[in-house]
Amino acid sequence: MVSAFEALSQAAPAEILLKAILVCVAGISVLLSFIVLRRWLRARYFARRDRQIVYTRQHWEELISAPPAWRFQPLAGEVMETLLLDSIEVSQGEELARLVECLRGSGLLDKRIREARSRKRWRRRQALVMLGRTRAVEAIPALTDALEAGDMETRIAAVRGMGKLALPEAAAPMLLLFCQERLSVPWTVLKNALWACCSSRPQVLLPHLRAAAGLPRELLARVLAEVADAGMGDELLALVSDRSAEIRAAAARALARVDPQLALPPLSQLAGDGEWFVRLRAVISLGFLGIGEAVPILIRCLGDRNRQVRQRAAWGLMRSAKDMPDILRRVVEAGDNYGVQVMVAELERCARFAPLLDQMRQSGGSQAGRLISSLLQARAKLGLDPELARPQYASAP
Amino acid sequence: MIELLQLSNSALFVYYVLSNLFYLALLITAFVATARHRHRLMSLRLETLELSPFTPPISILIAAHNEAATIVENVAAVQALDYPSLEIIVINDGSTDDTLPLLRSSCQLRPASLLYVPQVASAPVRAIYTSAADERLIVLDKIGAGTKADAINAGLNAATSPFVCVIDADSILEKDALLRLMAEVFSDPLGVVAVGGIIRVLNGSAVSQGRVSEIRLSGRALEVLQVIEYLRAFLIGREGWGNVDMLPLISGAFGIFRRDIVLAVGGYRAAAIGEDIDLVVRMHRWLMERRQGYRISFVPEPTCWTMVPSSLKDLGKQRARWQRGLLDVLWQNRDMLFRRPYGRVGWVMLPYLWVFELAAPVVETIGYCTILLAAVLGVLSQAFLVQFAIFGYAFATLISIGAVVQEEVTLRRYGHWTEVARLLLYCFAEHFPYRQMNMLWRLRGMWQHFRGGVMWEQAERKRFGAEVKA
């Protein structure tokens, strides 16, 4: 039998192996040249760019006020656009208007709009995101066109661009296409864009929320929960009894932003909801309200069958309660061991357990003694094996 | 005898050609994936994720066993991460050094009796501490069980976020690393169940206040050789496998997982030596058995800097452990091989790991022996052998330089010309004797596995940024 090595050797070793070696050597040479050439070109480019940036910063006011001669110089135009877009992102009011006007006057905005419509693949995606950063309302039609592009990456870039615009007008085409099931992008990307666009005018969402059904409606409700303002109480109340648990949870989340007296009754209702995550959101919102009237509801929630709801109820009580010994007394009297444990754990987390015990010891009385004893018993059952708790770790550092 | 030698040489030849073809395919796939990824990054704005209320919270789990040299800076680095909602859980896994006292003083820890519900099995927790300085930080002090997996399980029990990020205590994350990883999750929130970033070698770089302040290549040859290995493993191996949805491993030093899936598969297997690959393979199994569409991804730019062994002894221990871990995982999951429910994982990924990763040191050793024997006995043309060795050397160098090119295109962290030149020089120098030593360490790992009784052997830890004298 002849081995494969031998067979190959007999066939034409010089030809095959030599060719293979040459191909490898050529490959190595190409890769090395690529590294050297790329480094050299980048070093050259960035040196020129840095010089241009320094010049642009030194003459910033002149450059944005004067006729845009820089527009016809590729590097100067690129640097100017970058700095303009960076400035636009952090500007407000008149300054923003002045910078956007400069973009318009220089023709950079038109150029990007043209690119967003005519270019393909990653160049188009780059133009779409740049357009979003301009925060100019004229960008919306070009971005809207891309919302129904054939490939997902372009649609995502268009939605991100809309989000960067952060204009209520930009939300409309996204909402329209989304409710017609013509906009297919990851929902987190869409939620971020809608949140950015609707923050200043959450009412934009309402007609679409009323008209939508199923999962799109849940998504819109989730966005509404983040952007709702104090004036939307009535709209939110209508969502409290919705059939969808996701929408009830969104309503519970949003109610933390409205007038506490208006929010308390619906949140109390939602804190007894059949779905654990609705109760959780309601309890968190009650905690955020931070009002004494929420205390009885939160004490009731300490006995919830879901651990996370119980933990958040304890957190809420820490925020809402003024007289903590009284709260603890009421919690112990409620007779729910889970509730006492979770309350003790939260006090421990906030380092308030030991000071509170001292305070109660100083106040004295047999009632206080019984209360302290109940709390210490609950603390011993928190899940750590007391046999393993080393004495040296028991005292605070 | 000669017949046997020739048969063996034929088999080795086929093995060699196939393994090189696999590598070439991975290199090409990785180049394509990197180009695509770079274009995708153009539409990504990290500040959107940082400000968004929809960015989910993450629990960071740091298992620490005798990590006094690095733990304080490690925690400081995590605390400084750009991420809107973090929970940081350090698990002191039975340390006998100053890990816990150092944490107690630097983070102002205080004992707290928090609710701890064991959802996955782990050794008992002795005490829980919260930090007066940072309410996001929790420290679990547990009885050491001898494996990192057990410590991470304790962290999983204490975690409350929908995603967990597991990192090593001797590593430092870059500030935007979590956001960059989560951007991948956002691109497909229901599909991505786990995502890993790149691990890079910290030795030689300067660290101050929990941040890598100056990136430099180490002065020691052994550490530079590991730089090339890491670049090759991540920027070619992981990038290539991830691009075809067959990622076998998310490094234990830096990866994000959906907590519900990790809990569903029973957490980390406490007895696993390679707990990271074990978890990923079990996730593949669990999700494929349920016919769930999923993705386990790799993203090349979120960076975790880690200290690598700087002595041959420690490196040998590490490589032996990796090989033991691989053997253990592949053996545990041998029923997935060539079975329909496991699709591409059972038909391509696992066979590749068996044949070209696990068996490589054995085949290579046999190869060296039989080819030399055949050459000595005159049944193999010596001229051909030399030509073949030159080809093997050139091809392996090409792959390593490909990894450096990937680094240049994606991260380009070594800014100075001299450092790139050194890196390239080592691409030519790594094939002898480093490669052969690696082979022997891996063989030792297999031997240890079959012999049994070898527990976790921790390498000597050095402080971040401490210059190593040759």
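**A walk through chain B and its contact with chain A**

Let's start with one pair: B:Tyr129 sits opposite B:Val139, a residue of strand 5 of chain B. Keep in mind that this is a predicted model. Strand 4 (residues 125-131) and strand 5 (residues 137-142) of chain B run antiparallel, joined by five bridges.

Zoom out, and those two strands turn out to belong to an open sheet of 10 strands in chain B, with mixed pairing and the order 3-4-5-2-1-6-11-8-12-7. Strand 3 (109-111) and strand 7 (171-173) of chain B are the edge strands; each has a single partner, so one side of each lacks a neighbour in the sheet. On average, neighbouring strands here are turned by 30° against each other, ignoring direction.

Now look at what lies across these strands. Helix 6 (residues 177-187) of chain B crosses strands 1, 6, 7, 8, 11 and 12 of chain B, and runs at about 175° to strand 12.

Further along chain B, helix 15 (residues 434-451) holds B:Gln448. Is B:Gln448 buried or exposed? Something in between: B:Gln448 counts as partly exposed because 19 other C-beta atoms lie within 10 Å, while a buried residue would need 20 or more. B:Arg321 is 127 residues away from B:Gln448 in sequence, yet their C-alpha atoms are 8.9 Å apart.

Finally, there's the contact between the chains, which takes 58 residues from chain A and 56 residues from chain B. Several helices of chain A supply at least two residues each to its side, among them helix 7 (121-133) and helix 21 (337-349). Helix 2 of chain A gives the largest share of that side, 13 residues. By type, chain A's side divides into 36 nonpolar, nine polar and 13 charged residues.

Technical notes: Residues are numbered from 1 along each chain as its sequence is written. Chains are lettered from A and ligands numbered from 1 in the order in which they are written. This is a predicted model: local features need pLDDT of at least 70, side-chain atom pairs count only at pLDDT 80 or more; totals for chains, interfaces and linings use all residues. Helices (H or I, at least four residues) and strands (E, at least two) are DSSP runs, numbered from the N terminus. A residue is buried if 20 or more other C-beta atoms lie within 10 Å of its own, exposed if 12 or fewer, and partly exposed in between; C-beta atoms are placed from the backbone. Two strands pair if DSSP finds at least two bridges between them. Axes are lines fitted to C-alpha atoms, for helices over the stretch in contact, and angles run from 0 to 180 degrees between N-to-C directions. Two residues are in contact if their C-beta atoms, placed from the backbone, lie within 7 Å. Ala, Val, Leu, Ile, Met, Phe, Trp, Tyr, Cys and Pro count as nonpolar, Asp, Glu, Lys and Arg as charged, and the others, Gly among them, as polar.
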